[in-house]
Amino acid sequence: MQAEIRSDNKKPETRKKFDVIIIGAGPAGYTAAIYTSRAKRETLIISGILPGGQLMLTTEVENFPGFAKGIMGPELMTTMREQAERMGTTIIDDEVVNVDFRHKPFKILTYSEEYEADAVIIATGATPRKIGAKGEQEFSARGVSYCATCDGPFFKNQDIVVAGGGDSAMEEAIFLTKFANKVHVIHRKDKLRASKVMQDRAFENQKIQFHWNTVIEEIKGNQKVNQITVKDTSTNAVKTLEVGGLFVAIGHEPNTKLFQGQIDFDANGYIALKNHTQTNVEGVFAAGDVHDHRYRQAITAAAFGCMAAIDVDKYLAERK
Ligand code: NAP
C-alpha cells in the first residue's frame with residue numbers, strides 16, 4: 001500500500017490505489033462494497049455507464065426481502081449506493097476500458113484514469129438479449145420484461161407472450177401460467193431447443209399455446225402493452241395477439257468482454273470460479289450474474305457480493 005495514496009489528507013477522488021476495486025454497480029457490486037468498506041478495506045466502485053444495473057430498468061420489486069410493500073428498482077439501487085457511500089466506499093461513475101491482471105497490483109484503466117488494486121471483484125452482470133422488435137424499448141418495464149420471476153405476479157389473469165425456445169423460455173412460460181390466463185410461446189423455429197423434460201412439461205400445460213416459425217414484429221400499447229403483432233415466417237401471415245405483456249427469454253450475454261484472455265470463462269462464456277468466489281487469477285473475484293447464469297436474482301447477486309467481499313477480506317489478510 002502506498003503511503004501517500006492512503007493519506008487521510010487526500011480527497012478520495014485523488015487516490016489511485018485501493019485495497020479492492022469493484023467493477024460494476026448492481027446489487028452484487030454495492031453489497032460487496034458495503035462489506036469490504038465496513039471491514040476497513042479502502043474500496044473503489046467503478047460503476048460503468050448504467051450505475052445500478054438491470055434494476056434501474058425495472059419498476060416495482062416485490063421480492064427483495066426487507067420491503068414489505070415493495071420498492072421501485074431504481075430506489076433500491078440508489079439506497080444501496082448511499083449505504084455503500086456511508087460505509088466509506090468511493091464511487092466513480094466511469095467506464096472501465098482495460099484491465100491488467102497479469103501483475104500485482106492489478107491495473108484498471110477507465111476513460112479518464114488508471115487505478116491500482118490489491119484485489120478486484122468483477123460484478124459487471126449480464127445483459128438480457130433483446131428481441132429487436134419495434135416497440136421493445138419503448139414498452140420496457142411497461143409490459144415488456146426480461147425476468148418472469150421478477151415481474152410475473154404483475155400479470156394476474158392476463159394473456160401474455162413469451163419469446164424463445166430454450167430452457168429459460170419454457171421455465172418462464174410454465175411459471176407464468178400460475179398467474180396468466182394464457183401464455184403464447186412465440187418461437188422462430190419449428191422445434192424447441194429446450195431439454196426434453198422442459199419441453200414435455202410445457203406441452204402438457206393447457207394454458208400454453210405454441211406459435212411455430214413465428215417472429216415478433218411489433219409491440220403496441222398506450223400506457224402499457226396491449227397488442228403484439230407476430231408473423232408466421234413460413235406463410236408470411238401476420239396476426240395480432242391481444243395481450244398485456246411480453247417476456248423475452250432468448251438468453252443472456254454475460255458482460256465479460258473486458259476480461260477476455262485474462263481470466264477463464266465457462267462453456268457459456270460466464271466467468272468460471274475456481275475457489276468459492278475466486279477466479280483462476282489469485283486476487284480476482286467475481287460476484288453476481290457475470291458468473292451465475294442459474295439464479296439471476298437481485299437477492300442472489302447481493303448474496304454473491306457479500307461472499308466475494310468476505311473472500312477478498314480473507315485474501316488480503318492472508319497476503320499481509
Ligand atoms: P438458450 O438455450 O441459448 O436459448 C435461447 C432461445 O432463444 C433459443 O430457442 C433461440 O432460438 C432463441 N433466440 C435467440 N436469439 C433470438 C432472437 N434474436 N430472436 C428470437 N429468438 C431468439 O438460452 P436460455 O434458454 O436462456 O438458456 C441458457 C442456458 O441455461 C442453457 O444452457 C439452458 O439449458 C440453461 N437453463 C437451464 C434451465 C433448466 O434446466 N431448468 C433453465 C434455464 C436455463 P433458436 O433455438 O432458434 O436458436
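The following exchange asks how the labels attached to this predicted model follow from its computed values.

Me: What are the ground rules for residue numbers and for what is counted in this model?

Reply: Residues are numbered from 1 along each chain as its sequence is written, and side-chain values use heavy atoms, with hydrogens and water left out. Since the model is predicted, local features need pLDDT of at least 70 and side-chain atom pairs count only at pLDDT 80 or more, while totals for chains, interfaces and linings use all residues.

Me: What makes the pair Glu113 and Lys16 a salt bridge?

Reply: The term asks for a side-chain nitrogen of Lys or Arg within 4 Å of a carboxyl oxygen of Asp or Glu. The side chains of Glu113 and Lys16 meet at 3.9 Å, N to O, so the pair falls within the 4 Å limit. A search of the whole structure finds 13 salt bridges.

Me: Which parts of the chain does the pair of Glu113 and Lys16 link?

Reply: Helices (H or I, at least four residues) and strands (E, at least two) are DSSP runs, numbered from the N terminus. With those names, Glu113 lies in the loop between strand E7 (106-110) and strand E8 (114-122), and Lys16 in the loop between helix H1 (3-6) and strand E1 (17-23). The two residues are 97 residues apart, and the pair links distant parts of the chain.

Me: Why is Glu116 called buried, and why is Lys107 called partly exposed?

Reply: Buried means under 20% relative accessible area, exposed over 50%, and partly exposed in between, with a 1.4 Å probe and protein chains only. Glu116 has 17% relative accessibility and therefore counts as buried, whereas Lys107, with a relative accessible area of 30%, is partly exposed. The side chains of Glu116 and Lys107 also meet in a salt bridge, at 3.3 Å, N to O.

Me: Where do Lys314 and Glu318 lie, and are they buried or exposed?

Reply: Both lie in helix H7 (residues 298-319), four residues apart, which is about one turn of the helix. Lys314 is exposed, and so is Glu318, and their side chains meet in a salt bridge at 3.1 Å, N to O. Elsewhere, salt bridges that share partners join Lys17, Asp118 and Arg319 into one network.

Me: How do you know that strands E11 and E17 are paired?

Reply: Two strands pair if DSSP finds at least two bridges between them. Four bridges join strand E11 (residues 159-163) to strand E17 (residues 245-248), which run parallel, so the requirement of the definition is met. Val162 stands opposite Phe247 in E17.

Me: Why are E10 and E13 described as standing at the edges?

Reply: Five strands form an open sheet with parallel pairing, in the order E10-E17-E11-E12-E13. Strand E10 (144-145) and strand E13 (208-211) each have a single partner strand, so one side of each is left without a neighbour in the sheet.

Me: What makes E14 and E16 edge strands, each with a single partner, and how do E15 and E16 run?

Reply: The order E14-E15-E16 describes an open sheet of three strands with antiparallel pairing. Strand E14 (214-221) and E16 each have a single partner strand, so each has one side without a neighbour in the sheet. Strand E15 (residues 225-232) and strand E16 (residues 238-241) run antiparallel and are joined by four bridges. Ile228 stands opposite Leu241 in E16, and the bridge partner of Lys231 in E16 is Val238. In the hairpin of E15 and E16, which has five residues between the strands, Asn236 takes a positive phi near 70°.

Me: Why is strand E2 said to have both faces covered?

Reply: In a regular strand the side chains alternate between the two faces of the sheet. In strand E2 (residues 43-46), Thr43 and Ile45 on one side and Leu44 and Ile46 on the other are all buried, and both faces are covered. E2 runs parallel to E1, joined to E1 by four bridges.

Me: How do you know that Glu171 makes a polar contact with the ligand?

Reply: A polar contact is a pair of N or O atoms within 3.5 Å; within protein, one must be able to donate a hydrogen and the other to accept it, and residues adjacent in sequence count only if both atoms are side-chain atoms. A nitrogen atom of the ligand is 2.9 Å from an N or O atom in the side chain of Glu171, so the pair satisfies the 3.5 Å limit. A polar side-chain atom of Arg193 lies 2.5 Å from an oxygen atom of the ligand, and a backbone N or O atom of Gly165 lies 3.0 Å from an oxygen atom of the ligand.
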